[in-house]
Structures are given as C-alpha cells and as structure tokens.
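Good morning, and thank you for coming. Please look first at the sequence and the structure, and then I shall discuss how the chains meet and how one helix is built.

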Amino acid sequence: MTADLKLEKLHSELPEAPEPKGVYKPVIILDNLVYVSGHGPNRVDGTQFTGKVGQEVDKDFGKLAARQVGLTILATLKKNLGSLNRVKRVVKVLGMVNAHPDFEEHPYVINGCSELFAEIWGAELGIGVRSAVGMGSLPGRITVEIEAVFELV
Amino acid sequence: MTADLKLEKLHSELPEAPEPKGVYKPVIILDNLVYVSGHGPNRVDGTQFTGKVGQEVDKDFGKLAARQVGLTILATLKKNLGSLNRVKRVVKVLGMVNAHPDFEEHPYVINGCSELFAEIWGAELGIGVRSAVGMGSLPGRITVEIEAVFELV
Amino acid sequence: MTADLKLEKLHSELPEAPEPKGVYKPVIILDNLVYVSGHGPNRVDGTQFTGKVGQEVDKDFGKLAARQVGLTILATLKKNLGSLNRVKRVVKVLGMVNAHPDFEEHPYVINGCSELFAEIWGAELGIGVRSAVGMGSLPGRITVEIEAVFELV
C-alpha cells in the first residue's frame with residue numbers, strides 16, 4: 001500500500017500546510033533530500049497544542065502534540081511534493097519538547113511523531129535517526145517543535 | 001548584483017572571522033555543501049551581544065543580536081570561501097535563542113539573521129528552511145547562536 | 001595508525017552499543033554520510049552520567065560525560081559499520097548540555113567528545129563543525145546528549 005493510501009486509511013484529517021511565520025521556507029529540496037523547517041502542532045481548526053510538558057500539560061498531551069506535529073509535516077510534504085509517495089524514507093528527526101527543567105521522558109513524547117511516520121512509510125523506511133530533547137522555550141509556547149530530513153524516491 | 005557587492009552596499013562592517021573557542025572547525029566543505037559551526041553575535045570591537053531575551057534584554061535586542069550572528073557567519077564564509085559569490089543558496093538555519101522559559105517570539109528574533117541573508121543572496125536563494133527555538137543556556141551567556149548549511153555554486 | 005588501532009591504544013572500554021529507547025534507528029547510512037542519533041553518556045556497567053551541569057554536577061563531570069557520549073557513539077559506529085576505519089572524517093557534531101540556565105562553558109564540556117574523536121581520526125579529519133549549547137532538559141536527566149554526522153571513506 002502506498003504512503004498516500006496509508007494516510008487515507010488513518011482517517012486523520014491533516015491541518016492546513018502552515019504558511020511561514022518568519023523569513024524561512026517550509027521545505028528545501030536539494031538533490032535527493034527534502035529538508036523540512038521546524039513545525040509546530042497545528043490543529044485542523046487553526047489552533048495549536050500549547051503548554052510546557054511536566055508543568056501545564058502531561059507527557060500524554062505531549063505525545064499527542066508530537067503526533068499533531070507529524071500530521072502538520074505531512075501536510076507540508078503533500079503540498080510541496082504533491083504526494084507522500086515521493087518520499088523514500090525518513091532520514092533524520094530533531095524532536096524538541098517544550099518541557100519543565102526536570103522532565104525526563106522526551107523519547108516517549110516524540111514517539112507520537114515517529115510512530116505516525118512509521119505508519120505511513122513502514123517500520124523500515126519510516127524510521128530514521130533522531131534526537132529527542134528538552135528546549136527552554138518554544139515559539140508561541142507550543143508543546144513540541146520538530147524539524148526533519150527525508151530522502152526522495 | 002553579486003552577493004559581495006550587496007554586502008558592500010549594506011555598509012555593515014564585518015567582525016573578524018572568529019577563531020574556534022573549542023575543538024571544532026568554523027566550516028566543513030563536503031561535496032556541494034558548506035556546513036557552518038554555531039556562531040555567536042560578535043561585534044567589530046571583539047565583544048558579544050549577551051543576555052537572555054525576555055529577562056535581561058528584549059526581543060529587539062535579540063533581533064539585532066541575530067543579525068550580528070549573521071554578519072559573523074558572513075565573515076567566516078568570506079574568510080573560508082574567499083567570496084560570498086561562491087554560495088548558491090541558504091539551505092538550513094538552526095536559530096537558537098538564549099531565552100527566558102516564558103519567551104514566545106523566537107521567529108521574530110531569528111528574522112534578524114534571515115533578513116540579512118535574504119538581502120545578500122535574494123528572497124529566493126537567500127532563504128532556506130529554519131527552526132527558531134529557545135535554549136536553556138548558551139556559551140558566555142550570548143543572546144543568540146546560529147548554525148547553518150549553504151549550497152555552493 | 002588506523003582508527004581501530006588508536007581506539008585499542010586508548011584502553012578505553014566501550015559501553016554496549018545502545019538499543020534505541022524509542023522509535024528511531026541508531027544510524028542511517030545515506031550515500032557517503034552516516035547520520036547518528038542523539039546518544040547519551042552510557043557507562044560500561046549500564047548506568048549513565050546524570051545531573052545538570054552548574055547545578056548538581058560541575059563542568060569537569062560534564063566533560064567526562066561528553067567523552068563518555070563519544071565512546072558510546074564509537075560503540076554504535078563499530079557495531080553498525082564493523083570498523084571505525086570506514087569513517088573518513090567527522091562532519092558535524094551537535095553537543096547538547098543539560099545545564100543550569102546560568103551555565104556558560106558549554107564548549108569546555110563538549111570538548112570531552114571532540115578531543116576523543118580527534119584522538120581517533122586525527123586533528124584534521126577527526127574535527128568537524130560543531131554547536132555546543134544548553135538544553136532545558138534531557139531524557140533521563142542525562143548530563144550530555146550528542147548527535148553527529150560522519151563521512152565514510
């Protein structure tokens with residue numbers, strides 16, 4: 001089954017591909033790689049998941065936020081590539097959690113995005129290298145921000 | 001107009017290309033890419049922009065600091081490449097703001113660097129993908145640190 | 001002397017190459033590059049260096065932790081590549097220190113890893129570009145996390 005069909009089967013509605021909120025592009029394609037800007041957890045209704053994990057929100061809210069970042073990245077890929085089928089594999093994910101200084105479960109949170117990508121492109125090609133770390137602060141107090149690199153078919 | 005001429009027209013004096021303060025190189029050239037180490041906001045007089053945004057300094061100071069990081073990166077590129085004309089385009093910027101945990105306007109701050117790059121290489125090729133995020137702390141309490149990847153002509 | 005022989009000469013016992021604690025791969029090889037996931041400071045006995053620099057632990061503990069991250073990355077490279085000799089050079093290191101908001105000596109800490117890589121692959125090819133920065137928090141309260149990119153022979 002193709003990545004586009006798998007996305008359909010998830011019945012997860014994608015948010016709008018976000019317009020840049022600053023001087024940057026959502027994606028850059030260079031040779032066989034797609035570089036994707038840091039994305040936030042945009043909901044379909046235009047709001048975002050906000051709040052610091054381990055302070056105003058818990059790790060399960062954080063994991064849902066990370067999945068929503070993944071959906072937002074999928075929306076950007078679909079808009080810019082035309083189809084998720086053009087992605088061969090996930091290369092690299094930098095998962096940044098807006099967390100209290102004592103929070104310790106960043107991998108659990110970022111799995112929300114990584115599990116989504118594995119559903120779309122499979123357990124072999126849908127999983128890349130990753131760092132899951134805690135930021136001091138994030139734009140608009142969003143709960144998670146993720147940047148990524150994908151390889152094209 | 002070439003990138004070097006645009007830089008001249010800005011009348012922005014570049015700081016010295018900084019010597020590494022640790023065990024790293026300022027740039028690595030690999031195939032058609034230039035990887036640039038994290039740079040700080042070095043002034044021409046050898047001092048740096050310091051202080052946490054949203055605590056000791058405000059977002060406009062932060063934006064000036066980010067522009068100064070951009071100028072410091074330009075100094076490093078000029079020293080290592082000979083000319084800014086050898087850069088084809090900005091690929092990727094990781095903009096790290098030394099911010100109070102409640103700060104929310106990282107994109108506004110990092111635009112200080114991104115707008116400079118857009119002035120030098122144009123609105124199409126001078127703008128790449130980006131993440132603009134808040135760090136818990138930065139070396140020497142500098143206000144902004146930025147690492148970047150450029151594509152060569 | 002080859003990288004593998006230099007490692008032997010160090011008499012530094014490598015920890016086990018860590019199994020992923022989340023949905024990611026330790027390394028991805030793409031063309032001539034090896035992308036390495038964020039690694040922590042794993043000891044041979046299975047424990048990790050933990051604690052925030054400038055709060056529960058000092059900068060020299062931090063530097064030892066960074067060296068241990070380097071050894072953990074070497075273990076992952078050896079397991080996945082078969083030999084450290086397959087690495088041509090260090091391209092890029094992102095050194096993330098779990099630090100108190102007022103900590104300022106991140107380059108000193110991350111040198112613990114960078115000096116190890118320079119011992120293994122030499123002062124020219126063993127040193128790449130780098131950012132050394134302070135995170136708000138890290139998984140399991142580890143002291144340092146580092147992700148890296150290497151070029152293959």
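Two residues are said to be in contact if their C-beta atoms, placed from the backbone, lie within 7 Å. This is a predicted model, in which local features need pLDDT of at least 70 and side-chain atom pairs count only at pLDDT 80 or more, while totals for chains, interfaces and linings use all residues. Residues are numbered from 1 along each chain as its sequence is written, and chains are lettered from A and ligands numbered from 1 in the order in which they are written.

Let us begin with the interface. In chain B, 27 residues are in contact with 22 residues of chain A. Strand E3 (87-98), helix H3 (106-125) and strand E4 (129-135) of chain B each give at least two residues to the side that touches chain A; helices (H or I, at least four residues) and strands (E, at least two) are DSSP runs, numbered from the N terminus. Only 7% of the interface residues of chain B are also interface residues in chain A, so the copies meet through different surfaces.

How are the two copies related? Chain B is superposed on chain A by a rotation of 120° with 0.0 Å of shift along its axis, at an RMSD of 0.0 Å, with the fit made by least squares on the C-alpha atoms of residues with pLDDT of at least 70 in both. The two copies are thus related as by a three-fold rotation axis. In chain B, the C-alpha nearest the axis belongs to Gly136(B), 2.5 Å from it.
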